[in-house]
Protein chains: 2
Amino acid sequence: MGLNDRKMQVLQAIVDDYVNTNEPVGSKALIERHKFPVSSATLRNDMAELERMGLIEKPHTSAGRIPSDRGYREYVDSLMKIDQLSASERDEISRKIDECLDEAGDLLKNASSILSEATGMVSLVMTPRLAGSSLLQLKLLMIEPGKALVVMVLSAGVVKDKVVRIPNFLTPDQLKEISDSVEKSLNGKPLDEITLITLATSVKETQIPDSILNQVLYETYTAIKQADRLDVFLEGEHNMLKLPDFSELRRAQNLLGTLSHDGMVAGYVNEIEKEKTGGDDTYMIRIGQEIALEGLEDCSFITTTYKVGDTISGNIGVIGPKRMDYSKVISQIDFVRYKINEKIKKING
Amino acid sequence: MGLNDRKMQVLQAIVDDYVNTNEPVGSKALIERHKFPVSSATLRNDMAELERMGLIEKPHTSAGRIPSDRGYREYVDSLMKIDQLSASERDEISRKIDECLDEAGDLLKNASSILSEATGMVSLVMTPRLAGSSLLQLKLLMIEPGKALVVMVLSAGVVKDKVVRIPNFLTPDQLKEISDSVEKSLNGKPLDEITLITLATSVKETQIPDSILNQVLYETYTAIKQADRLDVFLEGEHNMLKLPDFSELRRAQNLLGTLSHDGMVAGYVNEIEKEKTGGDDTYMIRIGQEIALEGLEDCSFITTTYKVGDTISGNIGVIGPKRMDYSKVISQIDFVRYKINEKIKKING
DNA sequence: ATTAGCACTCAAACCCTCTGAGTGCCAAAT
DNA sequence: ATTTGGCACTCAGAGGGTTTGAGTGCTAAT
């Protein structure tokens, strides 16, 4: 069945109209809004066929049709064409991104706000996955007796640090000794290959008593393990209340209840990004029932990847009602992603 | 008019009942639920009087009465008595706080979740105000050519840092020279008294060219200025949708729309905390119209202070419908505050 | 394969009535 | 002076019936 098949044009028209109006689309309305060179009765036949194929459905007998999940899927896979953002929309986004501080955290948080505002839906920005990146430098810095700062430099110039407690009587020199040994032995190691044992065997030939050494190494280890923590910025939940799709209180409750578990959402996005087959600049789209998270049956996820250097990447995307303008949203995400990539390059020099 | 005045008892009963049932309280219901030794007609007279005093009001002619903002105010100021949390509630909170990592950020974020879950409303936790605290140490650390880490140790052992860009050809020795001078001259200075000029005059007698020096100092300055940034954790917005008070979509939209500007909310709390007259362990309560933020007319704020060391403090509190169990919520906040104070002491050793 | 025509369906809007909790007020009782 | 019983009045909300109209499927003709 080709794209020019009239039935497919009808599906496309139904999706477009339904996205615009949020009302089930009937054969008559379809004829009026799109210039099909056939009568409404013919369209009714086509629609009956589309329904048999499982691409559209009726909310009730005497209503028009709405796309089913599979209908939306067909639409995004084969029918939709992505168009450019208007110059003014691009300028708006550019301006706001440019206003961000030269700092990854601030940039990502703001990017999330920008995206949720632009789309009128919920935006999702995740900090880069660092588990696979390597430790280039590690320094232990005495802050005051009993307290040290672990500074880690990872691939692509990402810096993480954490304050840890150390034995009170440890001297700066002793700390430096440990720091240097650890750094030497861990240098270049991927974060997720570093274990407590790697660490324990990294310091040899020292006068520092084992018990003290072990405490410091343990604290260092927790710092390393925490370095790859994934943060997630979910913004614009309140936007969803404005959408007619969630005007029923129950739906809205469900939705926001699920979205409040941002860690769960992030974990899920992480999962599906792993399954992704295309390159980094492709899109993961999950529609309705395809989303394996309770409470998001009426939503769609669209996510993609931004890059920090060559190897490190994070995710950015949108969660909205499945009745959304997929093409528009994708171009919005795409432009924000582009701006983030650019700005990160600038920050990291 | 004393507390034992029957009219005040009636007000108290009305608030209690209305908080419990979310239904306007009539004279008959009042007689049934509370053993007033008078007839309903008498209570009607009292209620008419309370209405004249502006403490209660009628949603419409043929309904019972609900407390007005001033009625709630009278209630919290004079009538309410705070009771202890049950042992199981205390244990629940204790357990969850104990599970937090030994790290301020994690603690505060989790405290916010815990509080919102316990109260079923929106919790608000703000990171400590650092503007008034002093800079005890400042170090510039070379990370790689062109990139340095500014590490600041503030009063009460709070550590902040930031990655900054520096000229590519600056050597670690030069950086250390600058770092040492700056530290010497800023040592002990309150953060908010440090200006770019203070910094510029802190480094003397150096071979480093002015233009390079100035760039480093400027970056250091921005790091210092960012150190006192106030973060805010607002959690549990979705809880509000479950409350009958916000079952009208319009109200819910308004509320969540306003709460999405967390910076604005934080700023407002900051304001009102400044006006506070009592000690740190007292409560700021703002009811309905008393809140100068659009969209929160049907809410109340309850906030108080937690401490980091002797001088530094942050805020913790709850935003809920003004029809809330004030006494219960206050004891919940109080216990969470107590646990935070304890845990912070432990973290900072 | 397409179309005109027609009987049928059903959610949503509309209107009307009824119900009952609650009120204010008055005159009698304490 | 305060309290009480009694009574007429109010009005939001629930319940029920009707109407409307967009939309459908099917059939017979083109």
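**Sheet, symmetry and DNA strand C**

Author: In this predicted model, strands 4, 5 and 6 of chain B form an open sheet of three strands in the order 4-5-6, with antiparallel pairing. Strands are DSSP runs of E with at least two residues, helices are runs of H or I with at least four, and both are numbered from the N terminus.

Reader: What makes strand 4 and strand 6 of chain B edge strands?

Author: Two strands pair if DSSP finds at least two bridges between them. Strand 4 (135–144) and strand 6 (159–165) of chain B each pair on one side only, and are therefore edge strands.

Reader: How do you know that strand 4 and strand 5 of chain B pair?

Author: Eight bridges join strand 4 to strand 5 (residues 147–154) in the antiparallel sense; the definition asks for at least two, so they count as a pair. One of the bridge partners is L154(B) in strand 5, opposite L135(B).

Reader: What lies across strand 4, strand 5 and strand 6 of chain B?

Author: Helix 9 (residues 210–227) of chain B does, running at about 145° to strand 6. Axes here are lines fitted to C-alpha atoms, for helices over the stretch in contact (heavy atoms within 4.5 Å). Angles run from 0 to 180 degrees between N-to-C directions.

Reader: Why are the two copies said to be related as by a two-fold rotation axis?

Author: A turn of 180° and a shift of 0.1 Å along the axis lay chain B on chain A with an RMSD of 0.1 Å. The two copies are thus related as by a two-fold rotation axis. The superposition is by least squares on C-alpha atoms of residues with pLDDT of at least 70 in both copies. In chain B, the C-alpha nearest the axis belongs to L249(B), 3.6 Å away.

Reader: What makes the contact of S39(A) with DNA strand C a polar contact?

Author: A polar contact is a pair of N or O atoms within 3.5 Å; within protein, one must be able to donate a hydrogen and the other to accept it, and residues adjacent in sequence count only if both atoms are side-chain atoms. A polar backbone atom of S39(A) is 2.7 Å from a phosphate oxygen of DNA strand C, so the pair qualifies. For R44(B), a polar side-chain atom lies 3.4 Å from a base nitrogen of that strand.

Author: Residues are numbered from 1 along each chain as its sequence is written, while chains are lettered from A and ligands numbered from 1 in written order. Local features need pLDDT of at least 70, side-chain atom pairs 80 or more, and totals for chains, interfaces and linings use all residues, with side-chain values taken from heavy atoms, leaving out hydrogens and water.
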